[in-house]
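Work through these exercises with the structure in view. Try each task before you read its solution.

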Amino acid sequence: MREVFQQELREVQERLVEISGLVAESIDNATRAFNESDVSLAETVIADDAKIDAACAELDELAINILARQQPVARDLRIVVSALRISASLERMGDMSEHIAQLARYRFPDKVVPKSLRGTFKDMGALDVVMARKLVELLQTEDVTIAEAIRNEDDKVDALHLSVFDKVLGEKWKGEAVDTVDATLASRYHERFADHAVSIAKKVQYLATGDWIPTED
């Protein structure tokens, strides 16, 4: 019975890694669709979000069943509870990727944001992709140094996010109302994606160390 239980816990962790891989692919495709105005790639991201949602739902069902049948304690309980919370964040990260792709689809064949902001969004998207890939590695290894690296990357995303607001609210901004809305939404989606990555990093630190780090989400 104990062997079956341990196998179920391994399956929980393996599914988290699998879902994080889907999310990393999603944000990579979404940022490329956004920056390159690639409507075909945007459609792929939007369609594939259902796979992320389904995988998260299946993981949640497995975790709840483990709680009900096995009544885990100590680290085993932390694994299951953390998995449920991480799954929710991964699902939301998939949603952020989808929202970014939807903007690209809506504005096709035009670019989503004016030329003056394209470099900023390219950098922001690249950081989100880096964070997503680090997240896969973190869930595989529980290496807390990777969690710290993710939090450092988030600081860079936050700075770029603020720079977008400074730009669109500045006196020199010449964009139309739709440009302002698109830039604001896109920046928020990128920033929230990064925030969820940090939230997961904190939960993995808790799983690895048993020390809870408060999170804002």
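## Helix packing, a cavity and two loops

α1 passes α3 in a left-handed crossing. The model is a predicted one.

**Exercise 1.** Find how α1 is oriented relative to α3, and sort the residues of their contact.

*Solution.*
- Step 1: Two packed helices are described by the angle between their axes and the distance between the axes.
- Step 2: Helix α3 spans residues 74–107, and its angle with α1 is about 20°. The two axes lie 9 Å apart.
- Step 3: Angles under 35 degrees count as roughly parallel. So α1 is roughly parallel to α3.
- Step 4: In the contact of α1 with α3, 20 residues are nonpolar, seven are polar and three are charged.

**Exercise 2.** Decide whether α1 and α4 are roughly parallel or roughly antiparallel. Then name the residues that meet.

*Solution.*
- Step 1: Locate the helices: α1 covers residues 2–36 and α4 covers residues 115–141.
- Step 2: They pack at about 170°, and their axes are 9 Å apart.
- Step 3: An angle over 145 degrees counts as roughly antiparallel. Therefore α1 and α4 are roughly antiparallel.
- Step 4: On the α1 side, the contact is made by Leu 16, Val 17, Ser 20, Gly 21, Ala 24, Ile 27, Asp 28, Thr 31, Phe 34 and Asn 35. On the α4 side, the residues include Phe 121, Lys 122, Gly 125, Asp 128 and Val 129. Ala 132, Arg 133, Val 136, Leu 139 and Gln 140 are also among them.
- Step 5: Sort the residues of this contact: ten are nonpolar, six polar and four charged.

**Exercise 3.** How many cavities of 30 Å³ or more are there? Which residues line the largest cavity?

*Solution.*
- Step 1: The count is one cavity of 30 Å³ or more.
- Step 2: The largest cavity has a volume of about 40 Å³.
- Step 3: Its lining consists of Phe 34, Asn 35, Lys 111, Val 112, Val 113 and Arg 118.
- Step 4: By type, the lining has three nonpolar residues, one polar and two charged.
- Step 5: Look back at Exercise 2. Phe 34 and Asn 35 of α1 also take part in the contact with α4.

**Exercise 4.** Find the residues joined by a cis peptide bond, and place Ser 37.

*Solution.*
- Step 1: Phe 108 and Pro 109 are joined by a cis peptide bond, with omega about 10°.
- Step 2: Pro 109 sits in the loop between α3 and α4.
- Step 3: Ser 37 belongs to the loop between α1 and α2 (39–70).
- Step 4: Ser 37 is not a glycine, yet its phi is positive, at about 55°.

How values were computed:
Residues numbered from 1 in each chain as written. Predicted model: local features only at pLDDT ≥ 70, side-chain atom pairs only at ≥ 80, totals over all residues. Heavy atoms only, no water. Axes fitted to C-alpha atoms, helices over the stretch in contact; angles between N-to-C directions. Helix = DSSP H or I, 4+ residues; strand = E, 2+ residues; numbered from the N terminus. Parallel < 35°, antiparallel > 145°, perpendicular 65-115°, else oblique. Contact = heavy atoms within 4.5 Å. Nonpolar A, V, L, I, M, F, W, Y, C, P; charged D, E, K, R; others polar. Left-handed = near helix turned anticlockwise from the far one by under 90°. 1 Å grid on protein atoms, 1.4 Å probe; cavity = no way out; pocket = protein on both sides within 12 Å on 5 of 7 lines; lining within 4 Å. Points joined across faces, edges and corners; volume = space filled by probe spheres on them.
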